[in-house]
Amino acid sequence: MKRLVFINLCLFFCMTAFAQRPQWGGGGNYKKGPSMKGNISGELIDTTSGAPIEFATIVLLDAMDREVDGVISDEDGQFKMENVKTGKYSIVFSFLGYETKTLKNIELTLKKPDTDLETIYLSAEGINLEEVEVTGQSAIIENKIDKIVYNAEKDISSQGGDATDLLRRVPLLTVDFEGNVSLRGSSNVQILINGKPSTIFAGNISEALQAIPADQIKKVEVVTTPTAKYDGEGSAGIINIITKKKSIEGFTGGLNTSLGTRQNNANLNMSVAKGRFGMNFNAGSWFSWPRNGTFTFLRVDSTGDQLERLEQRGTTSSQTYGPNASIGAFYDINAYNSISTSFSFRGFGNRRDGDTDVENTALDQTILRSNDSRSFRSSFDWTTDYRKTYKNPEQEWTFALQLSGAISTRDDEVDQSGNQDFLFRDITNTNEGLNLETTVQTDYVHPFENGIKLETGVKGIFRNIDSDYDYLDNTTGQIDPLRSNIFNYVQNVYAGYVSFNVKMGKNWGAVAGVRYERTDILGDFENDSESFANDYDNFLPSVILSRKFKGFQTLKLSYNKRIQRPSLFFINPFINFSDTQNITYGSPDLEPELTDQFELSYNTFIKGVVLNGSVFYRRTTDIIENYTTLNSETQVSETSYLNIGENNSVGFNFFGSATLWKKWVIRGGFNLFTYNTQSTVEGIDLQNSAVLWNTNFSTTLTLPDNWKVEGFGFFRSPRQSIQGSRAAFSLYSFGVLKEFNKAFSLGLRIVEPFNLNKSFPSETTGDGFYQRNNFSIPFQSFGFSLRYKFGKLDFKQQNRRSKIRNSDSKNGGDSNF
């Protein structure tokens, strides 16, 4: 019944949009007789910064104000309209965050059919909170009113790594050695690819990021204050990874490859377009060399009359690999209607084996354990978007459909022997997962007079997840039914939103809206009668108020409420027995987190120096964290996930960049925030508080003869949880790039040149026990990169980013899902 209601709402939006169809217009204003077609060209420049304006809309109108043609400016701000009939025209230049500009009485004659408008300057209006740039001279990092943009393709030292390496360079973000991402101290972020979700992020976010080579990323957008049009998920904010895609006229392609001591990758991309139709294709693969690590583990049990110790030490060897491919196409039906579709595939494989010595003084046990683990996760996303525009370039209706899926397999073989017969183990622990997801979404934007714009839409997400896990005893060939099952999980989310963007004079602006989300959950286990159901309704308001001052200064005050639903990583009941002394499993009955966030930010631009600072308060209820208990009889630790309580965090972050002598760019950021959590778990009162921080610094120097040199450093304090802390992390690297011409370049990247290995200690304290873990792996690496472009590079049409953004699940770390 709810699906029928939702589909009817989508049909209502469709009929409403088509009811406003404009009357199609014709060409230019000319008399019968000799005729000729010409060209209109020019360049769009930001008045404040002098930077080119990319993706601006240029619309050609005839004498009756009917749209004749339209193009989008390229990355250099240049545009060109071809095959324009002779006559008189007006041209409208517009882009979100800039004052719309109109040039009238542009005339093409038989004698002079071509017109070069040369440089057209647009002024930032400082009101629209989506795309207004406060600064424009920062080549690598841009500070916009509602987000920070990191232009990865301009960062030479990021070549050769993966997405986790690249995200460490982005302001406000931290990435630990396992690849887990947090924004201003919170891991409750939603990660999108080209504005779209991907099922590959539904579980192991670290492996998903490692499957994306850094060379494929164009830029990263960090949205700290999502408005009502975004999904309610991602309480800390949204990270949008935009890959390198262009719509071109003609044929072009490129080859990116890197070879290093830690990771290697190769990627080929090609694009072709003719007239109103175009296609693009991308394929590649990557792999890492085997990495040999060491680890130690200590647990002290104080529940008895005397302290009892469990010690483990061992070695591991791991190797990762993965393919990736995508294909897309677009077709502009006419000046007002277009359709695009894309299909992408990514995979991540992991091979890990190791040997462990165990000594348990409490039970007088010595154990030798060997592990052999294999896992592979593949995912696909097929997205189709229909887009309809109107005479007013800000009026738009879109309809989007996305089909996503992820298939995962994991096999853990454990061969264990000991000084007592019952310690013998020869088992295979397997988990096969299937995650299918369908998303239907429609959005409408309508501008009114007096600077008011309405944004509204509805959306449905339908998820079906299966987790099939077995515990096989290889000595008997029997499957243990108590440790094996099939878990089925269904989650449907129905959402609708309305938001108003209001311009109040020249200096004030506001965005206010509310989003409603309904969540229905069903789950069961096939091998028994256990089942569960849950549903909840949430209203998620958001308000942003902006004030622009003289000297390119902006002050912003915002509030929003967000929700964080647990993904399969947290609810999957699969029990991981790869370490028989420390087992982990998910919790299907988790509730969502709810977050209220207030933020006050200030940014300015002073003679080439960008400065941005903000303070925030964030309150999260039902916060989800891992929780460890110890069975004193078996001496086995069990780790699962709980809604442990409430976290209150106050923070400050600063970010700045400066350009010296037009050749030397210095960038840096610093984040300071608190962790303050209180909880009562199983009758035990828990509390932990800490002041945490992280900082990053980078610099780029442009030398003669197309040489560039860059350095980067990142430092982060230990992370906190209700039961303890995890390792601090630091990283520094250097890069050199030589551009031989616009088509060919070579680069060198060095990571941690003076440190071969890095160690990562962590501590956990529970009821009657304390445990410490230390893991050490190689981090030093040297690598070369090569880039080669071929074909005709002639930027053509629009930015066809999908409207679908499934930002509604809390993603996990090290999991098969």
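Q: What is the relative accessible area of Asp480?
A: This is a predicted model, where local features need pLDDT of at least 70, side-chain atom pairs count only at pLDDT 80 or more, and totals for chains, interfaces and linings use all residues. Numbering runs from 1 along each chain as its sequence is written, and side-chain values use heavy atoms, without hydrogens and water. Buried means under 20% relative accessible area, exposed over 50%, and partly exposed in between, with a 1.4 Å probe and protein chains only. Asp480 counts as partly exposed, because its relative accessible area is 23%.

Q: Which residue meets the side chain of Asp480 in a salt bridge?
A: A salt bridge puts a side-chain nitrogen of Lys or Arg within 4 Å of a carboxyl oxygen of Asp or Glu. The N to O distance here is 3.4 Å. The partner is partly exposed, at 31% relative accessibility. Asp480 pairs with Arg483.

Q: Which residues are joined into one network by salt bridges that share partners?
A: Side chains of opposite charge can pair when their charged atoms come close. Where salt bridges share partners, they link up into a network. The members are Arg518, Asp520, Asp535 and Asp537.

Q: How far apart are the closest N and O atoms of Asp372 and Arg374?
A: Asp372 is partly exposed, with a relative accessible area of 29%. Arg374 is partly exposed too, at 37%. The two form a salt bridge, and their closest N and O atoms are apart by 2.6 Å.

Q: Which residue forms a salt bridge with Arg309?
A: Arg309 is partly exposed, with a relative accessible area of 35%. Its partner is partly exposed as well, at 22%. The closest N and O atoms are 3.4 Å apart, and the partner is Glu311.

Q: How many salt bridges does a search of the whole structure find?
A: The pair Arg309 and Glu311 is one example. Asp372 and Arg374 give another. Over the whole structure, the number found is 18.

Q: How many strands does the protein have?
A: Helices (H or I, at least four residues) and strands (E, at least two) are DSSP runs, numbered from the N terminus. The helices come to four. The strands come to 43.

Q: What share of the 817 residues is buried?
A: The protein has 817 residues. Those that count as buried make up 56%.

Q: What percentage of contacts between residues at least 6 apart in sequence join residues at least 24 apart?
A: Contact means heavy atoms within 4.5 Å. Among contacts between residues at least 6 apart in sequence, the share that joins residues at least 24 apart is 68%.

Q: Where is Glu394 found?
A: Glu394 is partly exposed, at 33% relative accessibility. Glu394 and Phe448 are 54 residues apart in sequence, and their C-alpha atoms are 9.9 Å apart in space. Glu394 sits in the loop between strand 21 (365-389) and strand 22 (396-418).

Q: What is the phi of Glu118?
A: Most residues other than glycine have a negative phi. Glu118 lies in strand 7 (residues 115-122), and counts as exposed, at 55% relative accessibility. Glu118 is not a glycine, yet its phi is positive, at about 60°.

Q: Which strand holds Asp622?
A: Asp622 is another residue other than glycine with a positive phi, near 55°. Asp622 is partly exposed, with a relative accessible area of 36%. Its strand, residues 609-631, is strand 32.
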